[in-house]
Amino acid sequence: MSAIDLFTPLELGAITLKNRMVMAPLTRNRASREGVPGALQVEYYRQRASAGLILSEATCIAPEAVGYPCTPGIWNDVQAEGWNAVTRAVQEAGGRIFCQLWHVGRISHPDLQPGGQRPVAPSAIAPAGAAFTYEGMKPFVTPRALEQTELPGIVRAYRAAAGHAQAAGFDGVEVHAANGYLLDEFLRDGTNQRSDAYGGSVEHRMRLLLEALEAVCGVWGVGRVGVRLSPIQPFNDMRDSDPQGTFSRVVERLNDFGLAYLHVTELGKDAPGAAGPFFDPLELRRLWKGVYMTNAGYDKARGNAVLAQGRADLVAYGAPFLANPDLPERFRRDAPLNTPDPDTFYGGGAQGYTDYPFLT
Ligand code: PHB
């Protein structure tokens with residue numbers, strides 16, 4: 001038997017992936033102001049259907065979940081219809097696509113919120129930095145701490161969004177519990193200073209994630225739901241006093257759900273800005289009983305190595321997929337890669353979005 005590499009198919013819960021290269025979720029800010037994807041998104045995702053699995057850009061579960069201009073939503077029928085054209089295009093091209101379900105929590109601004117209200121969070125702690133608004137960057141405000149009585153409404157929003165994602169024809173969903181957005185804000189103690197059943201111990205801090213997952217799994221069933229964690233990601237002014245202890249406990253509990261996969265952004269301790277308490281992602285890999293997806297700036301050689309060593313089952317590629325719609329074919333042929341253009345990552349039109357060339 002030959003070693004597992006990026007081109008080895010994988011049974012992922014209920015579906016088969018043709019290779020182990022996942023397109024990571026990438027915010028591109030090109031949906032309409034109403035959060036509806038259009039023809040440009042159809043073309044962008046269709047172009048990338050040779051990925052074993054596409055994870056959609058982070059997609060808002062409710063109007064209150066929005067934190068950036070022109071990010072797509074999945075809380076109403078019009079948005080689901082827009083996404084349906086995307087999922088059909090990807091599936092007709094032989095691809096698979098999950099919808100990443102997103103609530104930004106405190107990483108928003110009254111300008112982007114219904115009625116100009118303050119963004120919500122586990123605790124009233126403002127992040128350092130500034131929000132992207134339609135009028136440019138504005139300093140983050142202090143968020144409003146959610147009342148415990150409001151949390152069932154958040155869970156209902158996850159359930160409703162999961163239903164819309166199903167109507168939109170996605171192959172599954174990924175619950176975004178990483179990168180300093182709402183569920184991650186509950187998980188880590190730098191942002192969660194609650195004293196009720198949703199704060200304090202790790203058991204309490206993970207309660208909202210577990211409730212959201214239960215709701216989403218109730219809609220999708222076993223094997224169609226993944227979850228993304230980022231234990232030491234400092235982005236969005238995040239920290240935890242004990243990432244190893246916190247996330248080991250979270251992963252042990254996630255084993256009970258029959259999830260399609262666990263997706264971990266494994267910023268290493270050498271990564272810029274990742275100084276802090278010691279953290280070994282291999283410990284999470286060891287505790288996790290299902291399919292493990294890693295995401296940490298891999299290239300082809302390092303992706304193949306991590307799979308051959310059994311350190312991961314799937315490798316998520318962000319910028320390389322952004323700039324190379326045919327990334328699997330380029331890796332297969334050891335062809336040169338297009339260079340990503342950071343000036344066109346966020347917002348704009350076709351330039352830097354659907355015009356990266358394919359191999360000839
Ligand atoms: C972003 O829009 O900058 C963004 C969105 C989702 C992430 C990370 C970054 O998980």
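Let's start at Gly-169, which sits in the loop that links α3 (151-167) to β10 (172-176). Keep in mind as you look around that this is a predicted model. Is Gly-169 buried, exposed or partly exposed? Its relative accessibility is 22%, so Gly-169 counts as partly exposed. Beyond its neighbours within four places in sequence, Gly-169 is in contact with Asn-84, Thr-87 and Gln-91. Tyr-346 lies 177 residues away from Gly-169 along the chain, and the C-alpha atoms of the two are separated by 26 Å.

Now for the nonpolar interior. The largest nonpolar core has 95 residues, and those with the most contacts inside it are Ile-74, Leu-101, Leu-209, Leu-229 and Leu-254. The element that gives the most to this core is helix α6 (residues 207-220), with nine residues. Leu-209 is a good residue to click on: leaving out residues up to four places away in sequence, Leu-209 touches Val-175, Ala-177, Leu-183, Leu-187, Val-227, Leu-229, Val-250 and Leu-254.

A second core is separate from the largest one; among its members are Leu-12, Leu-53, Tyr-261 and Leu-314. Here are the two side by side:

| Core | Residues in core | Some members |
|---|---|---|
| Largest nonpolar core | 95 residues | Ile-74, Leu-101, Leu-209 |
| Second, separate core | 15 residues | Leu-12, Leu-53, Tyr-261 |

Finally, the empty space. The structure holds one cavity of 30 Å³ or more, and the largest cavity has a volume of about 40 Å³. Which residues line the largest cavity? They are Glu-266, Pro-281, Leu-282, Arg-285, Tyr-298, Val-306 and Arg-311. By class, this lining has four nonpolar, three charged and no polar residues. Helix α8 (residues 281-287) gives the most to the lining, with three residues.

Note on methods. Residues numbered from 1 in each chain as written. Predicted model: local features only at pLDDT ≥ 70, side-chain atom pairs only at ≥ 80, totals over all residues. Heavy atoms only, no water. Helix = DSSP H or I, 4+ residues; strand = E, 2+ residues; numbered from the N terminus. Buried < 20%, exposed > 50% of the residue type's maximum accessible area, 1.4 Å probe, protein only. Contact = heavy atoms within 4.5 Å. Core = buried A, V, L, I, M, F, W, Y, C linked by side-chain atoms within 4.5 Å. 1 Å grid on protein atoms, 1.4 Å probe; cavity = no way out; pocket = protein on both sides within 12 Å on 5 of 7 lines; lining within 4 Å. Points joined across faces, edges and corners; volume = space filled by probe spheres on them. Nonpolar A, V, L, I, M, F, W, Y, C, P; charged D, E, K, R; others polar.
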